Amino acid sequence: MGGNIVLVPLQPFHRATIWSVENGLVAWLGPEWSCMSDITFPFTDADELCPDIAVVPRAEADRNLSAYSPDLIELAVEVVSPSSVRHDYVVKDKLYAQRGIAHYLIFDPYRAECTMMWHPGPDGYRGRDVIPYGKPVELAMEIGEVRIETDELPVDRETRVQSPDR
């Protein structure tokens, strides 16, 4: 807005999901990897993304910069909020895939599911699985395997969100 960065307060379920997923990732990742939140990754001159969680090499995270190359991201994670449905499912799917980010996870507290994407291509990810909450999200990456439990993630059955128009 007018060249200013505007922060939107997170809803409790959004923050709780980010916290739980990040803790799950940290438990599985080796010490050479770090989870970063709310950090800018300039994708193009017009697009800067701030994934809810980005897994990057610890040596890079330890540089303590305000912006990082998206080429460092091994895994991008987004948590859906009512205002981000289309952006998370459609826009970021394409941008993350075009940049070659190997894996993208979308945790959706309104649908009680995680969409797991892999095999990036020019128009988005070619591989996609939907895992209902209650089942673990199991991801085999080049950096190692990750298992994120979803049975304790918050679910908002009251808020209605629009379809992402995939």
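This is a guided tour of a predicted model, moving from the chain as a whole to the sheet, the helices and a few single residues.

**The whole chain**

Begin by colouring the protein chain by pLDDT, which averages 89, with 90% of the residues scoring at least 70. Then select residues 1-7, where the pLDDT is below 50 and where the stretch has, beyond near neighbours in sequence, one contact in the model.

**The sheet**

Show the strands next, and look for the open sheet that six of them form in the order β1-β4-β5-β6-β7-β8, with mixed pairing. Its edge strands are β1, residues 33-36, and β8, residues 124-132, each of which pairs on one side only. Following the sheet across, you should see a twist that averages 20° from one strand to the next. Strands of a sheet pair through backbone hydrogen bonds, either parallel or antiparallel.

**The edge at β1**

Select β1 together with β4, and you have two strands that pair in the antiparallel sense over four bridges. Within this pair, Met36 stands opposite Ala54 in β4. If you now display the side chains of β1, those of Trp33 and Cys35 point one way and those of Ser34 and Met36 the other way, and all of these residues are buried.

Which residues does Ser34 touch, once its neighbours within four places in sequence are left aside? Its contacts are Ala54, Val55, Val56, Pro57, Arg58 and Ala61. Ser34, a residue of strand β1, has a relative accessible area of 10% and therefore counts as buried, since the cut-off for that word is under 20%.

**The middle of the sheet: β5 and β6**

Move along to β5, residues 75-79, and β6, residues 103-108, which run parallel and are joined by five bridges. One place to zoom in is Glu78, whose bridge partner in β6 is Ile106.

Stay on β6 and show its side chains: His103, Leu105 and Phe107 point one way, whereas Tyr104, Ile106 and Asp108 point the other way. Because six of the six residues of β6 are buried, this strand is largely enclosed by the rest of the structure.

**The edge at β8**

At the other edge, select β7, residues 113-121, with β8, and note that the two strands pair in the antiparallel sense over eight bridges. Here Glu113 stands opposite Pro132 in β8.

**Helix α1**

Add residues 12-28, which make up helix α1, and turn the view until you see that this helix lies across β1, β4, β5 and β6, running at about 155° to β5.

**Helix α3**

Now select residues 85-98, the 14 residues of helix α3, which reaches 19 Å from its first C-alpha to its last, close to the 20 Å expected at 1.5 Å a residue. Where along α3 is the kink centred? The kink, of about 40°, is centred on Lys92, and Lys92 is also one of the buried residues of this helix. Others in the buried set include Val85, Tyr89, Leu95 and Tyr96, and the buried residues of α3 pack against β3, β5, β6, β7 and β8.

After α3 comes Gly100, whose phi is positive, near 85°. A little further on is Ala102, which lies in the loop between α3 and β6 and is partly exposed, with a relative accessible area of 27%. Draw a distance from the C-alpha of Ala102 to that of Val90, and you will find the two residues 16 Å apart in space, although they are twelve residues apart in sequence. Leaving aside its neighbours within four places in sequence, Ala102 is in contact with Glu74, Met117, Trp118, His119, Pro120 and Tyr125.

**Two loop residues with positive phi**

Most residues other than glycine have a negative phi, and the tour ends with two that do not. Select Asn64, in the loop between α2 and β5, where phi is near 60°, a positive value in a residue other than glycine. Then select Ala112, in the loop between β6 and β7, which has a positive phi of about 55° although it is not a glycine.

Is each of these residues buried or exposed? Asn64 is exposed, with a relative accessible area of 67%, whereas Ala112 is buried, with a relative accessible area of 10%.

Notes. Residues numbered from 1 in each chain as written. Predicted model: local features only at pLDDT ≥ 70, side-chain atom pairs only at ≥ 80, totals over all residues. Heavy atoms only, no water. Pairing = 2+ DSSP bridges. Axes fitted to C-alpha atoms, helices over the stretch in contact; angles between N-to-C directions. Contact = heavy atoms within 4.5 Å. Expected span 1.5 Å × (residues − 1). Bend = angle between axes of the 7 residues up to and from the residue. Buried < 20%, exposed > 50% of the residue type's maximum accessible area, 1.4 Å probe, protein only. pLDDT = per-residue confidence, 0-100.
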